Amino acid sequence: MKPNPAQPATEDQDAARMPRQIPYIIGNEACERFSFYGMRNILTPFLITSLLLYAPVAERAGIAKDVFHTFVIGVYFFPLLGGWISDRFFGKYSTVLWLSLLYCVGQGCLALFVDNRIGFYTGLFLIALGSGGIKPLVSAFVGDQFDQRNKAAAKVVYDAFYWTINFGSFFASLLMPIFLTSWGPAWAFGIPGILMFIATVIFWGGRRKYVHVPPTPSNPDSLINVARSALFTPGQGRGGLVLAVAGAIAAVGLFGAWAVSPSWWPEHFSFVITFCLALGLFILFGGIGTSMQLERARGMHPDSAVDGVRAVLRILIIFALVTPFWSLFDQKASTWILQGNAMVMPHDSWWWPSWLVQQPAQMQALNPLLVMLLIPFNNIVLYPMLRRMGFQVTALRRMGYGIAFSGLAWIAAGIIQLSIDGGSPTSIAWQVLPYVLLTFGEVLVSATGLEFAYSQAPPSMKGTIMSFWLLSVTFGNLWVLLTNAAVRNETVTAQIASTGLSENAFMMFFFAAFALLAALAFALYARRYPLADHYRTV
């Protein structure tokens, strides 16, 4: 019998075909993102106009920013818990399903307790736990549906995944501020709860079609075990161990200072700020110390495990350099809304869609709309054009330029603030420029980072590495809380006043400089970063 030459081609086509379970994950993500961004984008306006009415008017904006960014910190800290539970015990599917149900309960608390701070904040905590816990797992779960045969399709799906996130975010950003003012907070927070329940049902519906990668059993060659061996194995010099111990002592010392509150302790350093700073010190000094002595673990662990830890430590440096981007990006839902409240809606202009855009919070809809336009534009027009010009559009280059564009966005926002401070009626339409720049930066950083984090993670640490990627958002929002605490200090406010700028304008230019310096540091480090490929082989 003659061999059929068409058969191998057919098998190749089957291998490259899009996995049939992907629509369930994409559908779940669209509804969940509407739910999350629906409540998130009305949180600051609701706090200022309803829940914080007990506070003096001048203090409400500052308290609202603290609550908002503390919530975001929780959302992006709890991925560590979700990733660990998934990798070690229940697997991604079961962890996502059960945390999604907890997420639904949290959304229900927001709708039921709009007049009760304890109940409302409990809902925010449950949403942070549920949403944060599933964040690293859903994106890693997407990667699990691919292997080496069809990994080229993963890039398309990750872009579609991110496009879908913004599809849900667009309608949430546009509609929820209207629902808040027209229907009241109970319905405005209840609708996202309904969407979250639908998202959970859709995800459950694909349970028989998914590729289920089992959790990793207790591994004697895990990152923690290799790091422990590196730090505690005797050898010439113990500088790494000394550094790691110093970091742990400093972290414990921060908690002690927070508990005792000595006279030198900053008055507005909350538990959340203290915890994040302590965690940062522990990771920083522990990581550097492990890197210094990592070769001592060879012989006690396989070379692949030691090399994997080295790769993880390199990845964490990339993630750390991305944190300034998140400090700028997440303030579009707090600082930029507050700036918009001081601007003029151009309802008398023929080109302004007054029938649709009526409140400053709705300007956030520009972000997901632009993402949906920029992702296909970049893939179809911009990246091919740059390749024809001889410029390699690598993941790290995209991320570095994205951080820089976020800095440019905040320069534009600062210039707008100067106009507001000068007393000139300033049209809110001018906010379109910083939104365009920030969103272009987001597409380069965030959409790229999802795929980068998955591809660089060793097989046994997919969920954990994705958690660290999301943890970079926590530290980005930590910088915001730190600056908010700083500007409540009389010495700092006096220094800002001496510049001749308002507090708002000064902080916008400060964050712009922060991002541009981070972009420079990122570019210098990325030039020496060794890329890896950790997609499944079968």
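## A walk from a salt bridge to two pockets

Select E29 and R33 to begin: their side chains form a salt bridge at 3.9 Å, N to O, a term that requires a side-chain nitrogen of Lys or Arg within 4 Å of a carboxyl oxygen of Asp or Glu. This is a predicted model, in which local features need pLDDT of at least 70 and side-chain atom pairs count only at pLDDT 80 or more, while totals for chains, interfaces and linings use all residues. Residues are numbered from 1 along each chain as its sequence is written, and side-chain values use heavy atoms, with hydrogens and water left out.

Both E29 and R33 belong to helix α2, where four residues, about one turn of the helix, separate them. Helices here are DSSP runs (H or I, at least four residues), numbered from the N terminus. Across the whole structure, the search finds nine salt bridges.

**Next, show α2 with α5.** Colour residues 22–40 for α2 and add α5; their axes come within 12 Å and cross at roughly 35 degrees. The axes are lines fitted to C-alpha atoms over the stretch in contact, and angles run from 0 to 180 degrees between N-to-C directions. This crossing is left-handed, meaning that the near helix is turned anticlockwise from the far one by less than a right angle. Which residues make the contact? Display E32, R33, S35, F36 and M39 on α2, and Y103, Q107 and L110 on α5; contact means heavy atoms within 4.5 Å. By class, these are four nonpolar, two polar and two charged.

**Now move to the largest pocket.** Centre the view on L223, I224, A227, F282 and F468, which lie nearest the centre among its 31 lining residues. A pocket is an open set of points on a 1 Å grid where a 1.4 Å probe fits, with protein on both sides within 12 Å along at least five of seven lines; lining residues have an atom within 4 Å of a point. The space amounts to about 970 Å³, a volume filled by probe spheres set on the points. Select α9 (223–232), which gives the largest share of the lining, seven residues. The lining holds 20 nonpolar, eight polar and three charged residues.

**Last stop: the second largest pocket.** Pick G280, I283, L284, L316 and A320, nearest the centre of a pocket lined by 31 residues and holding about 770 Å³ of space. Which helix gives the most to this lining? Helix α12 does, with 10 residues. Helices α11, α12, α17 and α19 (503–526) each supply at least two. The lining counts 23 nonpolar, six polar and two charged residues.

Technical notes: Nonpolar A, V, L, I, M, F, W, Y, C, P; charged D, E, K, R; others polar.
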